[in-house]
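Open the model in your viewer and keep the selection tool at hand. This tour goes stop by stop.

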Amino acid sequence: MTHSARHMFELLEPICLVTFFADECNEELAALGHRTYWDGYFASRAAPLGRVPAQVVHAAFYSFADGEAARHIPSAWEEIPPEASVAARERGSAASLRRILGAELAGSPGLARAADLTTKAATSAPMEGRVMYAGMRTLTVPGDPVTRLWHSATMLREHRGDGHVAALVGARIGGTEAHILSALDMGIHPPESFGRVQHLPKERLATVMDGLRERGLVDTDGRFTDAGRETKQRIEALTDELAAPPYEALSPAELDELVAELEPITATLVAAGSQ
């Protein structure tokens, strides 16, 4: 099931990415009154948690630098209820999928079947220790197949993300450190130039890099050591292992069917860059 969890992540991630890459979601959130992309991002993604303080959002999201959540939470909810933000995210994401996939694929029996099977997996995993996933589980599963496919894929993404956070915590890798290791894994050098961290103060990045060097995870040139590469691989392997439980709800035949139905959907989204 660990291999299946990785393969399902690869198939489902392009469905989730329309939320962040395509225009429709941002347009829906802007129409509500969210002033910036990041206001809409934090307000809508954190919305299933309810009106929690910034510290809780920071802890649940994990990968953002100190203070980033507080720039948007709770101010983004002062005039826009969390429920409105999460509904706008759902509408915009589904609209993006319909546009990119086209009417024939979006309305196909194969997509409807993929939505059913993805939902079966997404609603079958235990919630204990899975804060973001548990928040998503409190939302009503949509009836429309396209929207349901996005919603369930996003539930599974948050489930996997919760497990990834657990793996990072267990390896004593903080959020910014995780981005540095991911940059190195993608061949980005210097890793401080990675888009997820390059906006951070140089002093903050220098401190992170010094800490990774002291632990023997990166060398003096800012590249992976053997220990650093092994740590990254161990985190990813544990993430896959922790992401497997939802798919245990599917029979082998159902899992094969889901893969077959998702493949043309994913290929179309990948070709479009999910935007």
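## The loop after α4

Start with Tyr62, which lies in the loop between α4 and α5. The model is a predicted one. Check the backbone here: phi of Tyr62 is near 70°, a positive value in a residue other than glycine. Most residues other than glycine have a negative phi, and most peptide bonds are trans.

Now select Phe64, also found in the loop between α4 (54-61) and α5. Is Phe64 buried or exposed? Phe64 is buried, because its relative accessible area is 9%. Show what surrounds the ring. Beyond its neighbours within four places in sequence, Phe64 is in contact with Trp38, Tyr41, Phe42, His58 and Arg196. Then draw a C-alpha to C-alpha distance to Gly174: the two residues are 110 apart in sequence and 9.5 Å apart in space.

Move along to Pro74, whose place is in the loop between α4 and α5. The peptide bond leading from Ile73 into Pro74 is cis, with omega near 10°.

## Helix α2 against helix α5

Select residues 23-32 for α2 and residues 82-106 for α5. Their axes come within 7 Å and cross at roughly 150°. Angles over 145 degrees count as roughly antiparallel, so α2 is roughly antiparallel to α5. The crossing of α2 past α5 is right-handed.

Turn on side chains. From α2, the contact uses Glu24, Cys25, Glu28, Leu29 and Leu32. Facing them in α5 are ten-odd positions to step through, including Ala84, Ala88, Arg89, Gly92, Ala95 and Arg99. By class, the contact of α2 with α5 has six nonpolar, four polar and five charged residues.

## The largest core

Select Ile15 next. Which residues have the most contacts inside the largest nonpolar core? They are Met8, Ile15, Leu262 and Ile265, in a core of 39 residues. Colour the elements that give two or more residues to this core: α1 (2-21), α5, α6 (109-122), α7 (131-137), α8 (145-170) and α12 (252-272). The largest share, seven residues, comes from α1.

Zoom in on Ile15 itself. Leaving out neighbours within four places in sequence, Ile15 is in contact with Leu97, Leu149, Trp150, Ala153, Leu262, Ile265 and Leu269. Apart from this core lies another, of 23 residues, among them Ile173, Val197, Leu205 and Leu217.

## Along helix α8

Pick Thr154, found in helix α8. Thr154 is buried, with a relative accessible area of 5%. Beyond its neighbours within four places in sequence, Thr154 is in contact with Cys16, Arg89 and Met136.

Add α6 to the view. The axes of α6 and α8 come within 8 Å and cross at roughly 35°. Here α6 passes α8 in a left-handed crossing. Residues in the contact include Leu111, Ala115, Thr118 and Ala122 of α6, and Val146, Leu149, Ala153 and Leu156 of α8. The contact of α6 with α8 divides into twelve nonpolar, three polar and two charged residues.

## Two last loops

Select Arg172, in the loop between α8 and α9. Arg172 is not a glycine, but its phi is positive, about 60°. Arg172 is exposed, with a relative accessible area of 61%.

Finish at Pro190, in the loop between α9 (175-185) and α10 (202-214). Look at the bond before it: His189 and Pro190 are joined by a cis peptide bond, with omega about 0°.

Technical notes:
Residues numbered from 1 in each chain as written. Predicted model: local features only at pLDDT ≥ 70, side-chain atom pairs only at ≥ 80, totals over all residues. Heavy atoms only, no water. Axes fitted to C-alpha atoms, helices over the stretch in contact; angles between N-to-C directions. Helix = DSSP H or I, 4+ residues; strand = E, 2+ residues; numbered from the N terminus. Parallel < 35°, antiparallel > 145°, perpendicular 65-115°, else oblique. Left-handed = near helix turned anticlockwise from the far one by under 90°. Contact = heavy atoms within 4.5 Å. Nonpolar A, V, L, I, M, F, W, Y, C, P; charged D, E, K, R; others polar. Core = buried A, V, L, I, M, F, W, Y, C linked by side-chain atoms within 4.5 Å. Buried < 20%, exposed > 50% of the residue type's maximum accessible area, 1.4 Å probe, protein only.
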